[in-house]
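Reader: I have a structure open in front of me and would like to learn how its features are read. Could you take me through some of them, step by step?

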Amino acid sequence: MFLIECPWCGLRDETEFSCAGEAHIARPLETEKLSDEEWADYLFMRSNPKGAHREQWLHAAGCRRYFNALRDTVTYKISATYKIGETPPSEGKK
Amino acid sequence: MSQRFRTAQGGRVDREREIQFTFNGKSYTGLAGDTLCSALLANGVHMIGRSWKYHRPRGVMSAGSEEPNAIFQVEKGNRTIPNARGTQVELYDQLDASSVNCWPSLDLDLLSINSKFSRLMPAGFYYKTFMWPQSMWMKYEHFIRKASGLGESPRELDPDRYEHTHAHCDVLVGGGGVAGLSAALAAGRAGARVIIADEQSEFGGLTLASKARIDDGEASQWIENAVAELQQMPEVTLLPRSTVFGYHDYNFLTINQRLSDHLPLAERPASREKLWQVRAQQVVLATGAAERPLIFANNDRPGIMLASAASIYSNRYAVQPGSRAVVFTNNDSAYQSALDLKAAGVEVEAVVDARAGSDSELANTVRSAGIQVINGSVVIDTAGRKRLSSVQVMRLSAEGSSVSGETRALSCDLLAVSGGWSPVVHLNAQSGAKPVWDEANAMFRPGEPTQAQFSAGGANGTLDLAGCLQEGAAAGNQAAIACGFEASTQPARAEPIDSQAILPLWLLPSPYTPGRGPKAFVDMQNDVGAADIALAVREGFKSVEHVKRYTAMGFGTDQGKLGNINGMGILAASMGQSIAATGTTTYRPNYTPVSFGAFAGQNLGDRLFDPVRKTAMHAWHEENGALFEDVGQWKRPWYYPKDGEDLQQAIDRECLAVRDSVGILDASTLGKIEIRGKDSARFLEMIYTNNWMKLEVGKGRYGFMLGEDGMVMDDGVTIRLAEDHFFMHTTTGGAAGVLAWMERWLQTEWPEMEVFLTSVTDHWATAAVVGPKSRAVVSAVCDGIDFSAQAFPFMASKTGTIGDVECRVNRISFSGELAYEVNIPANHGRFMWEKLMQAGAAFNITPYGTETMHVLRAEKGYVIVGQDTDGSVTVDDLGLNWALSKTKDDFIGKRSLSRPDTVRKDRKQLVGLLTEDPQTVIPEGAQLVDDPKAPTPVPMIGHVSSSYYSACCGHSIAMALVKGGRDRMGDTVYASLAGGRVIEATITESVFYDKEGAKADV
């Protein structure tokens, strides 16, 4: 079970959180001007990397804040968590 | 006296305390401190079970958790334990044990006939033989289960209590042998918070059976002192009888503590087991090493056991594990067993050493004790039916690949075998590390840790006492330092042991033609022989994981602890590659089996962790005979049967009462979210498909929420309470998801919006008063509100009072009737409800539940999100395009409404169905076809989403999603049911009652 550092509350057990998928997928502006391919890319395509993955988490049973985490999909190590709107730290940085 | 094989002195058993127990119905005597196996051996009972496939006689192989054979059914009735390892079952008074897997009895096992046909039952036998015809599998399975079953699971409710506990510590030490104790001492002395757990009843591990010395005293005295010191430390928790069975991410480990299994049944406390969930900063793995057997023909007879087990039974349990012993080894450690057996009064016939010769100090001590050492030789076969009677020995060629010369028979009833040692790397591997093969020492060592973890002692491949003490202390120091303490404990001292290299041997050479000789067992619990592994390789299985599953090697209650490393060695040899290249199977929790009770803990029956939510009027519903339905976590009244009514009769009555007069529904469970802030309207514009900017204060609007994929996600009415204040209703089941969904958009995408969300579902009790007489009822109850049609139109919202409590009334209808939803702070819910019931009495106000609510809305063709939609349905599919704004630039899901998939012409569309026979109700979920007689597979054109008998219409009605359905009005379709039954129906529009909507407009 993960131990996750909520940027607002500190270290908590994974049971307090839910994962909301890949982070840094901005909703396009002027969606009506997008081609089907561009819209499908936003809607469906995810990176699914082996290694560092930026993902959104919700401290669901805590402060109810969404935040971002940099998690390694192989080792499950979360090397950093950061608030929404903050620049992601470079990958793998402790 | 019994216990003929009890030695005259020594051991850690209490000779003053005799204990009576029964095995297979026969009574025996043992001593306090015995395990079930040591007590049986003390009584000369060696054959304790039969193997699962060939039903061969089997005896005690080990003295620990790796035991494959000596598994028992312990106790009967509601406390019965299947497959308990007799090597770890502590003896208690009146213990009742029986063999598993023999029929009708241990001595006369009719299924041992399987043994005669073993050549016909190779690896994959069941896969090959019982695959076809498929319809026969149920019959085969019945027979196979009976023939091959291990223990029997209990059939009665477990009377015991199980507990869960959470703990945090600086250092968790897994394993309480001398390495673990040294680590705990070092960390504990530094001031760290330590938990040390060991699966045995006593700390000390293998050293409990050793006559070695530590710090100039007996090893057992050092252990006693160490435990006493640890017990004095307030920050140290000692957990005996506790197995660290799981090592998960972020140093989260699980421990199963057995509190009462060692006590007589009558003396057991309430709690049987405690499951510890521990988060540790640092972990020290001191789980020791386990000896391996050697693999030769007929290596499974009762009387053949591990050399270390022979030492443990001799030294710790004061039992002679035989009368005349042969020791067979490829390494030095078993020489100690020869000395231990001799000291216990066992005649040692010979030590057979596969190596050319060892002149280590230990080997020389054995020779000078007058024990014959036969070098450069191996055991090639054994004899004896229910007990070993002799072994055959041949010379091993210099390169170790063949045997030659005379066969020499050695008479013995005990063969103590050592094929080397395997560090117990299970927890290290579970934690994410990959064990590393050490060719020189023929063992897998723990891999590079991926978590904050140290391995020490036997678990780290260090097999001598001095090394275990050193590594334990060093690991304890380092773990404490990593937690921020100062630690510098010096290790205890022990004599170093000089030992000579092991000769790695996997499948021993034999004089038999390959595959034709007697079976040489690798995995005894699953009856997997060396030839089975070779066969799997010949049949094309190359991966160790596949070979495991094809042969069943490593399955069962022991999970291959004894045989797996040998199996991997044989597999590597069969494939002509190294063991390093072959690798191990995956080590997964649990290290040893854990009872289901331990996992369930107190979450039993109706005490589940999932909460039950009840509305403020719940007690009233109960008092008035409601039956309840679970909707998410909520208990909602389902219907209120009267005078022996069945479901349909009650619904018919409730529906007609609503349509003719007035009914009342508890609608408190609908999700309620308050939305405040200056950007609230702008936010709703994005969340809902319709327009919100111009909604008047005091008015509500029905809206759909879509996912970004354009599919309907939730629906409900939202009311504008002020310019910057809205009150949203969601579906009962969707409330939590909708809140999280909206929070996500606000926090991640539109942080600039000033909008605040508050869940108020539980703050309000809601009664829906529904029917032509509803206005009269609410007018009589609610003060300060003008309920006239002009003053209070449809979709309006007003505040007033009931007594002196403020209430809010919304004119909303989910039935097509004139209806009001009356909201009051939840604590006053029952007060409000009873007021409405009193006022409605004149009109025979009728409480109704979810079932009638469903029928009423279906009569009007209103959809329920999650019933008539399933995440693949658009607003257009529902025929509700009026709810889609034509003027907004954007809302969530808008762009998806013009995706190629959402504009397909053959999408399933919501329609009504009227059955040919008005009384027949189509089952919900039924598939629809155009032609039930078409050849299979019959093309399916849709499915029924809602279906009821409508008393108001006098007809069965249904809603269905049908491909291109809106263009097919009047067509006949067929609901195709299991068993070939077909129901004919006609496609209609989905509004069945009051099509003009006149009833709500009054």
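Reader: In which sense do strand 31 and strand 32 of chain B pair, and over how many bridges?

Author: Strands of a sheet pair through backbone hydrogen bonds, and the pairing is either parallel or antiparallel. In this predicted model, strand 31 (residues 627-631) of chain B pairs with strand 32 of chain B in the antiparallel sense, over 5 bridges. Leu627(B), for example, stands opposite Tyr639(B) in strand 32 of chain B. The two strands form a hairpin with 2 residues between them, and Gly632(B), which lies in the turn, has a positive phi of about 60 degrees.

Reader: How many residues of strand 32 of chain B are buried?

Author: A residue counts as buried if 20 or more other C-beta atoms lie within 10 Å of its own. In strand 32 of chain B, 5 of the 6 residues are buried, so this strand is largely enclosed by the rest of the structure.

Reader: Which elements do the buried residues of helix 23 of chain B pack against?

Author: Helix 23 (residues 850-859) of chain B is mostly covered, with 7 of its 10 residues buried, and these include Met853(B), Val855(B), Leu856(B) and Ala858(B), together with the charged residues Glu851(B) and Glu859(B). The buried residues of this helix pack against strand 32 (634-639), helix 18 (647-660), strand 33 (663-666), strand 46 (940-950) and strand 47 (955-963) of chain B. Just after helix 23 of chain B, Gly861(B) takes a positive phi of about 75 degrees.

Reader: At what angle do the axes of helix 21 and helix 22 of chain B cross?

Author: The axes of helix 21 (residues 774-781) and helix 22 (residues 829-840) of chain B come within 9 Å and cross at roughly 125 degrees, which makes helix 21 of chain B oblique to helix 22 of chain B. The crossing is right-handed. Helix 21 of chain B brings Val777(B), Ala780(B) and Val781(B) to the contact, while helix 22 of chain B brings Lys835(B), Leu836(B), Ala839(B) and Gly840(B). Sorted by class, the residues of this contact are 5 nonpolar, 1 polar and 1 charged.

Reader: Which strands stand at the edges of the open sheet of chain B with the order 17-24-18-19-20?

Author: This open sheet of 5 strands has parallel pairing. Strand 17 (304-306) and strand 20 (373-375) of chain B stand at its edges, each with a single partner strand, so one side of each is left without a neighbour in the sheet. From one strand to the next, the twist averages 20 degrees. Strand 19 (residues 347-353) of chain B is joined to strand 20 of chain B by 3 bridges, and Val352(B) has Ile374(B) as its bridge partner there.

Reader: How many residues does each chain give to the contact between chain A and chain B?

Author: Chain A gives 21 residues to the contact and chain B gives 23 residues. On the side of chain A that touches chain B, helix 1 (36-44) and strand 4 (52-58) of chain A are the elements that give two or more residues, and helix 1 of chain A gives the most, with 3 residues. That side of chain A divides into 12 nonpolar, 4 polar and 5 charged residues.

Reader: Where is Asp249(B) found, and is this residue buried or exposed?

Author: Asp249(B) is found in the loop between strand 13 (242-248) and strand 14 (252-258) of chain B. With 17 other C-beta atoms within 10 Å, Asp249(B) is partly exposed. Leaving aside neighbours within four places in sequence, Asp249(B) is in contact with Met1(A), Phe2(A) and Tyr76(A).

Terms used
Residues numbered from 1 in each chain as written. Chains lettered and ligands numbered in written order. Predicted model: local features only at pLDDT ≥ 70, side-chain atom pairs only at ≥ 80, totals over all residues. Contact = placed C-beta atoms within 7 Å. Helix = DSSP H or I, 4+ residues; strand = E, 2+ residues; numbered from the N terminus. Axes fitted to C-alpha atoms, helices over the stretch in contact; angles between N-to-C directions. Parallel < 35°, antiparallel > 145°, perpendicular 65-115°, else oblique. Left-handed = near helix turned anticlockwise from the far one by under 90°. Buried ≥ 20, exposed ≤ 12 C-beta atoms within 10 Å, placed from the backbone. Pairing = 2+ DSSP bridges.
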